[in-house]
Every structure is written in structure tokens, then in C-alpha cells.
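Dear colleague,

I am passing on the structure we talked about, and I would be glad if you could look at it alongside the notes that follow.

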Amino acid sequence: MTVTVNILGPGFVGEVMGVTSRLLDDSDILSSIHAAYLSHKVIVIRDFPIAADPLVRISELFGPADPHHVAAVRHPDQPKITILSNQDEPGRKPEMKKFGAGWHSDYSYMRRPSNATLLLGAEVPGEGGDTLFADTARAFDTLSDEMKRKIIGLKVRHEYRFTKDRTHPGARWNFLSEAEQAATPEVVHPLVIRHPETGAHCLFIAPSSVSGVKGIVGMDDAESDALLAGLFAHMTSERLVYRHKWRPGDLVIWDNRSTIHSATTDQLPSHQVRRMYRITTNGSEPLAA
Ligand SMILES: O=C(O)CCC(=O)C(=O)O
Ligand SMILES: [Fe+2]
């Protein structure tokens with residue numbers, strides 16, 4: 001039993017056909033899903049059951065689930081699942097409604113960033129609330145040889161609460177508790193990483209305005225900002241970006257080592273209800289290219 005894959009994006013993103021929850025016990029199907037994820041970086045499975053158990057089962061292919069550190073966003077019966085919602089939900093801060101807006105890779109500010117993220121459209125609007133993805137391996141490959149030589153070996157400082165603009169509505173300076181600040185100190189990762197499973201060289205930075213990239217180690221701010229701005233513009237240029245328009249039951253699984261993503265929930269009117277189930281899996285320390 002095998003699956004077929006339709007390419008949806010510019011050179012990446014595979015729609016994996018022929019997967020039903022009945023087949024999640026079939027080891028050939030599972031290994032072809034995993035192979036599709038590594039080669040296409042983002043995979044889309046349609047009509048996945050909107051239920052906790054099948055999502056937890058398929059997530060085990062990608063690594064151990066990492067329950068969200070904010071208990072209020074967890075699924076009430078299954079802590080491995082986070083529920084993202086653009087609605088007012090009990091116990092949640094309003095900032096959580098726009099979770100994921102702005103380009104990022106999940107947990108890039110942690111010593112061990114995520115491997116895969118699985119996001120299931122439980123309730124999606126007819127229009128809007130799309131998710132954007134960009135291919136960071138292709139972004140590296142399409143740089144000039146001179147730029148590749150210049151950036152290989154550089155290291156980048158990341159910090160969860162860092163924003164250039166502290167007045168930004170999503171600035172985490174404003175809402176992290178002391179314990180949450182202590183749990184997210186500055187970390188340093190290579191600017192170009194070697195993917196641990198495919199060996200691809202990938203840019204490991206993203207231009208989120210609220211989480212993140214502080215600067216390049218050993219460079220003054222002006223030089224670091226200019227170099228990063230050029231790389232950010234390149235890696236989010238239209239020819240590297242795929243826009244996912246959600247249908248209910250879409251399960252999108254992405255590789256955080258070879259892609260970045262951005263929710264567009266900041267542009268979604270609140271009468272358009274959007275609820276997603278999410279699992280992220282534990283990864284390893286990024287390797288330098
Ligand atoms: O809601 C989305 O479209 C993406 C949210 C996000 O960044 C994530 O789940 O990691
Ligand atoms: Fe994310």
C-alpha cells in the first residue's frame with residue numbers, strides 16, 4: 001500500500017492522497033508519510049478525523065509530543081494537544097488569539113527547537129486565516145556563492161521575549177511571567193543549519209517581529225541588521241512561499257528545520273471562527289552546516 005503526492009507549492013508542499021485513519025496502523029503508509037514530510041517539507045492530508053486520538057497517533061511518527069507550557073491552551077482531555085482559537089476562551093490572554101502571526105519556526109528560541117508541527121483545522125473560516133510557508137532549504141540554495149560563503153559558520157542570538165519595538169501589541173516583554181522569562185533565556189544557533197535527517201543546508205532565522213532574532217554574534221547591530229534584512233527579504237519572496245487555504249479536516253504537518261511559517265490570524269475578523277488542534281514534537285539541538 002503506498003500513497004501518491006501532489007505538489008501544491010513552489011517546489012515544496014505535498015498533498016498526500018489516500019490516507020485514512022484506518023490506515024494509521026499500516027507501517028508502509030506511515031513510512032511513506034514520513035518520507036513525504038522529509039522530501040516535501042510540508043505535507044497536507046485531507047479529511048483527517050477531528051479528534052484527539054488519531055492526531056496523537058500520527059504525531060508519534062515525528063517525535064515525542066511537547067505539551068504547551070501554558071496550561072490554559074491545552075485540550076481539556078489530552079494535554080499533548082494545544083487548541084488555537086481566535087475567539088475569547090476562558091483563562092486565555094487576548095494575545096493568544098493571534099498566535100503564530102509573523103514568520104517563525106516553532107521554538108527556534110529554545111536550545112532544542114521543534115522537529116515537526118501538526119496543525120489540524122477543526123473549525124475554519126470560509127475565507128481568510130490562511131497559513132503561509134516558506135522553504136528555507138531552497139532559500140539557502142538560491143543565494144549567491146559569495147553570500148553562502150559569507151554566512152556559513154555565523155551564529156545568531158535568539159530570545160523569546162526579544163522585540164526591537166517594545167510597544168508592539170504582541171511584544172512578549174509585556175506578558176511573560178518571571179518564571180516564563182527564566183525558562184526562555186537567550187540561546188545561540190547556527191545561521192545555516194544542516195538538516196539532521198536529509199543533510200540539506202537551511203537558513204535558520206525568521207523575521208518575526210515578536211519572537212526572536214536579536215542579531216548575529218560578533219557583528220555590530222547595523223551590519224547584523226542589514227545582513228539579516230537582506231536574508232529575510234530573500235527567504236520570504238513570493239517564489240519561495242506557499243499559502244495554505246484551510247478546509248475543515250485538513251491536517252498540515254511541517255518540518256521546522258527546513259521551513260518557516262506565518263499565521264494570518266491578525267487579519268481575520270473575529271466573527272470568522274477559527275479553531276485548530278496542534279501538536280509540536282521535540283527536536284534536537286541544531287547542527288551547523
Ligand atoms: O494558526 C496558524 O496558522 C499557525 C500557528 C502557528 O504558528 C503554529 O501552530 O505553530
Ligand atoms: Fe508556529
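Glutamate 197 is partly exposed, with a relative accessible area of 42%, and its side chain meets that of arginine 257 in a salt bridge with an N to O distance of 2.8 Å. Please keep in mind that this is a predicted model. The pair links distant parts of the chain, since glutamate 197 sits in the loop between strand 9 (192–194) and strand 10 (201–203), while arginine 257, 60 residues apart from it, is in the loop between strand 13 (251–255) and strand 14 (259–263). Arginine 257 is buried, at a relative accessible area of 7%.

A second pair joins arginine 243 to aspartate 130, with the closest N and O atoms 2.7 Å apart. Arginine 243 belongs to strand 12 (residues 241–244) and aspartate 130 to the loop between strand 5 (114–123) and strand 6 (131–135), so this salt bridge ties together parts that are 113 residues apart in sequence. Here aspartate 130 counts as buried, at 5% relative accessibility, whereas arginine 243 is partly exposed at 43%.

Aspartate 25 and arginine 57 also form a salt bridge, their closest N and O atoms being 3.3 Å apart; aspartate 25 lies in the loop between strand 2 (14–17) and helix 1 (27–40), and arginine 57 in helix 2 (residues 52–59), 32 residues apart. Aspartate 25 counts as exposed, with 63% relative accessibility, and arginine 57 is partly exposed at 37%.

The structure holds 17 salt bridges, and Arg157, Glu159, Arg161, Glu186 and Lys214 are linked in a network of such contacts.

With best wishes

How values were computed
Residues numbered from 1 in each chain as written. Chains lettered and ligands numbered in written order. Predicted model: local features only at pLDDT ≥ 70, side-chain atom pairs only at ≥ 80, totals over all residues. Heavy atoms only, no water. Salt bridge = Lys/Arg side-chain N within 4 Å of Asp/Glu carboxyl O. Helix = DSSP H or I, 4+ residues; strand = E, 2+ residues; numbered from the N terminus. Buried < 20%, exposed > 50% of the residue type's maximum accessible area, 1.4 Å probe, protein only.
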